[in-house]
Amino acid sequence: MTLQARIDRLISGAAKTGCLLNPKGGQVRKRIGTIRQALQQIPGILVCEGNDADTFKSAIDALLQADIDLLVIVAGDGTTHAIFGHLFAARAPEDWPLILIVPGGTTNMTPLDLGMQGKPKSIIHRLHTYLLNPSVPKLVQRPVLRIEQDGMSPIYGMFFAVGLVARGVKFSRSPVKQIGITGGIFTFLIMLRSFIGMLANMILGHQQSDWAPVSMTLTEASGRIHRGTYLFALVSALDCLLLNIRPYWGKEPAPLHVTLVDQQHKRLWRSLWPILSGGGAVLQEKDGYYSHNTASLTLHMDDEYIVDGELYRSLDPQAPLTITATDAVTFLVL
C-alpha cells in the first residue's frame, strides 16, 4: 500500500493502528498501568510489547504482517533506533506505515524534535480523540542516518556522535541511570559530567583515556577532508537535540547536519552558548568551530561512537564508517 493510501485511510477513519510498547522505557515504567489502560481504550489497536532486540523484531514482524497503517511507538530513543533497524531490513520507507512516536524513554530527542509534547498518557488520549474524529493530519518528514562499515550490518538512527558526547553517554550507562532520572535533568547531568571531564583534561594538561578527544579523519561528500583531534563531532538528521540544543549552523540544502569542535579551539567557554543555542554562525572555522550540511560523509577512526544513545565501536580504523541519509520517513505529529 502506498503512503498516500495510508494517509487517506487515516483521514477516512479506516486506518489500522498498531503499537509497540517498551514497558521498561524510562517514562513508561513509572506509569505502565495507566499507559496500558489508555492504549486498550483505542478501538481496534493491536498492541505488542518488547524490551530487547529479539522481542522488538518479533513485534515489528507481527505488526507489519497485520498491514497496519499507523505504527505507534511508545518508547525512547534507544528503542526507536532498534525499531528503525528492523523496519529498514524489512521494507523501503515508502512501504512503511506512518510513524507516531510517543516519548516514553529516558531520552526522547526524536519525538521532541518532531514536535511531540506531553506525557505518554496525554499523547495517547490525543491519539484516541484524533482516531475517533480524524482530520487532515500534521505530517513531518525526516531522513534517517545509515551508518555502514565493512563487516557489520547497517545501523540506522537520527543522531551520531563521537568524542566527549560519546564519553558522556558511556558514563550514563553507569549507576547514574539506575537512579531513575529521565528527560532534561538526566541530559543536564550527562552534559555536566562531560564538561567536568573536558575541564580536568585542560587543567591537568593531559588526556584522560576515559574523557579524551577523538582523533579522526572526516571526508565530506564534496571531497573536503578534516583531519585532526576533536573535542566532539556530531552528525544528525534532527534540527534540535534535548533541552532545545541547536549545535548546527550550516546553511547548505543537504539533509545531514555536521558539527566539529577542534581540540585546538579558541575561547571555548565564550563559544559554548552560541554552539548550544543555534547561534554558531558567529564562530570561525579558524578558531576550531565548523558546521556544515552534507548528503554523506566518511570517517576513519579507532574509537567509540553513539547512535541515538546506543554505544558502538569502529571495527577497523583502516575501513571507513560511511554515513548517508535514507529516503525520508513520514511521521504523524499530534
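**Exercise 1.** Is R6 buried or exposed in this predicted model, and what is its relative accessible area?

*Solution.* The step to take is to compare the accessible area of the residue with the cut-off, which is under 20% for a buried residue. R6 has a relative accessible area of 1%, and R6 is therefore buried.

**Exercise 2.** Work out where D69 lies and with which side chains D69 meets in salt bridges.

*Solution.* Begin with the position in the chain: D69 is found in the loop between α3 (53–65) and β3 (70–75). Next, consider accessibility, where D69 has a value of 1% and so counts as buried. Then list the residues that D69 touches, leaving out those up to four places away in sequence; they are M1, R6, R9, A14, A15, K16, P97 and L98.

Now turn to charge, keeping in mind that side chains of opposite charge can pair when their charged atoms come close. One salt bridge joins the side chains of D69 and R6, at 3.2 Å from N to O. Because R6 belongs to helix α1 (residues 3–12) while D69 sits in the loop between α3 and β3, this pair ties together parts that are 63 residues apart in sequence. A salt bridge also joins the side chains of R9 and D69, at 2.9 Å from N to O. Since R9 lies in helix α1 and D69 in that loop, the pair ties together parts that are 60 residues apart in sequence. R9 is partly exposed, with a relative accessible area of 27%. As a last step, place these pairs in their setting: R6, R9, D67 and D69 are linked in a network of salt bridges.

**Exercise 3.** Describe the salt bridge between K57 and D61, and state in which helix the two residues lie.

*Solution.* First take the distance: the closest N and O atoms of K57 and D61 are 3.0 Å apart. Then locate the partners, which both lie in helix α3, 4 residues apart, or about one turn of the helix. Finally, check accessibility: K57 counts as partly exposed at 42%, and D61 is partly exposed with a relative accessible area of 36%.

**Exercise 4.** How many residues does helix α4 have, and which of its residues are buried?

*Solution.* Helix α4 (residues 77–90) has 14 residues, and from its first C-alpha to its last it reaches 20 Å, close to the 20 Å expected at 1.5 Å a residue. Its buried residues are D77, T79, T80, H81, I83, F84, H86, L87 and F88.

Notes: Residues are numbered from 1 along each chain as its sequence is written. This is a predicted model: local features need pLDDT of at least 70, side-chain atom pairs count only at pLDDT 80 or more; totals for chains, interfaces and linings use all residues. Side-chain values use heavy atoms; hydrogens and water are left out. Buried means under 20% relative accessible area, exposed over 50%, partly exposed in between (1.4 Å probe, protein chains only). Contact means heavy atoms within 4.5 Å. The expected span of a helix is 1.5 Å times one less than its number of residues. A salt bridge is a side-chain nitrogen of Lys or Arg within 4 Å of a carboxyl oxygen of Asp or Glu.
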